[in-house]
Every structure is written in C-alpha cells, then in structure tokens.
Amino acid sequence: MISDCPYCGYNKLAENADICPRCGLPLSAQFQVATRILNQNDEERGTPRWGTAGFHAHTDLVLKVQHRDKSFVFDASQITELMLGRIDPDTSEAPTIDLQDCDAIDKGVSRRHAKIVRRDGGTLNLVDQESDNGTFLNGQRLVAHQPRILRDGDEIRLGYLVLTVHYVKG
C-alpha cells in the first residue's frame, strides 16, 4: 500500500487508491516510472505541466476567455473562492470574475453561474451554482454543487462562454 503519492506527496490517499486525487497520476506500481533525485540546482518542484491538478508557490491561475483578448489572473495559492458570472444590474453586485464585458448575457452566463474553490489537499475545484444554462468542464455538464478538480489545460464552458485554465509559474 502506498501511503503518500510519490509524485506530489499528497498524504491523504484512500486505501487501495489507483490514482492520486491531487495530481491525477497513477499510483499503481506497474505505471510508476523511476525518476532521478533532485540536486541543489533543481527547483523543488517543476513547472506545472498540462493536465496537472497541483500547483506550487508562485503559481498563477490564468483563466483565458476564448476568442477574446481577456484573461483573469490570480495567485493560485491565495484563492479560497472565486465567483464566476456577471454583474447584477439591480444591485450592482459583481462576482469576482465579472464576464459582463465578454457578451455574458448573450452567451447565457448567470449572475452567479459557478465558483472556483480551494478544497482539502490544495486543489482548485469548479462548482456549478444551479445555473440555468449549465457549467461544463471539458464538455461534461456538472451537477450543481458537486465540485470537480480543475487541471491545467481544462476548458470551462459557462452557457456558451468558454474559458481555458492555465497554471503558470509566476
């Protein structure tokens, strides 16, 4: 039995887990690959690669709006909750990530459409907030209030507005 993930060090693995819930890499011995030991000239952890769920100190979460020259950048290690949606014209309440300027109304984005939250283990998760037009992660519609892990390279669709997720070393 593996007690810690050999890739990311996550130490809350379920017994007989085949895949690490933090980094998404296989834990089975048949899939593990030997790696070299880091020397003092190497960084403690490498640059996040496509598909990784983990991020490190000095990593930014970048959400890029598809077909627009608009990105939202956050220090990934400082995120507790980010609301995605559009400004409420009645109360002027704006979500953390206001997509109003990205044709949010025409693309079916709700005022409080979805949120990104940090969960145990340090991963960021996407959670649909009972949006009318749905929240999709890599083409799969999310069930309201059920968190799904965000990985580098993921595609989020809020109604018909698409965002890509990137973890960028800051």
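# Exercises on strand S10 and its surroundings

Strand S7 (residues 135–137) and S10 run antiparallel and are joined by 3 bridges, where helices (H or I, at least four residues) and strands (E, at least two) are DSSP runs numbered from the N terminus, and two strands pair if DSSP finds at least two bridges between them. The model is predicted, so that local features need pLDDT of at least 70 and side-chain atom pairs count only at pLDDT 80 or more, while totals for chains, interfaces and linings use all residues. Residues are numbered from 1 along each chain as its sequence is written, and side-chain values use heavy atoms, with hydrogens and water left out.

**Exercise 1.** Determine which residues stand opposite isoleucine 156 in the neighbouring strands.

*Solution.* Begin with S7, where leucine 137 is the bridge partner of isoleucine 156. Then turn to S11, which runs antiparallel to S10 and is joined to S10 by 4 bridges; there, leucine 163 stands opposite isoleucine 156. Finally, follow the chain from S10 into S11: the two strands form a hairpin with 2 residues between them, and glycine 159 in the turn has a positive phi of about 65 degrees.

**Exercise 2.** Assign the residues of S10 to a covered and an uncovered face.

*Solution.* In a regular strand the side chains alternate between the two faces of the sheet. In S10, Ile156 and Leu158 form the covered face, whereas Glu155 and Arg157 form the uncovered one. Arginine 157 lies over the face of phenylalanine 136, at 3.8 Å from the ring centre, the criterion being that NZ of Lys or CZ of Arg is within 6 Å of the ring centre and within 35 degrees of the ring normal.

**Exercise 3.** Place isoleucine 156 in the largest nonpolar core.

*Solution.* A nonpolar core is a set of buried Ala, Val, Leu, Ile, Met, Phe, Trp, Tyr and Cys residues joined through side-chain atoms within 4.5 Å, and buried means under 20% relative accessible area, exposed over 50%, partly exposed in between (1.4 Å probe, protein chains only). The largest core has 27 residues, and Ile156 is among the five that touch the most other members, together with Leu61, Leu99, Ile116 and Leu150. S11 gives the largest share of this core, 4 residues. Contacts of isoleucine 156 (heavy atoms within 4.5 Å), not counting residues up to four places away in sequence, include Leu63, Leu126, Phe136 and Leu150.

**Exercise 4.** Classify lysine 169 by accessibility and locate this residue in the fold.

*Solution.* Lysine 169 belongs to strand S11 (residues 161–169), and counts as partly exposed because its relative accessibility is 34%. Histidine 58 is 111 residues away in sequence, yet the C-alpha to C-alpha separation from lysine 169 is 6.0 Å.
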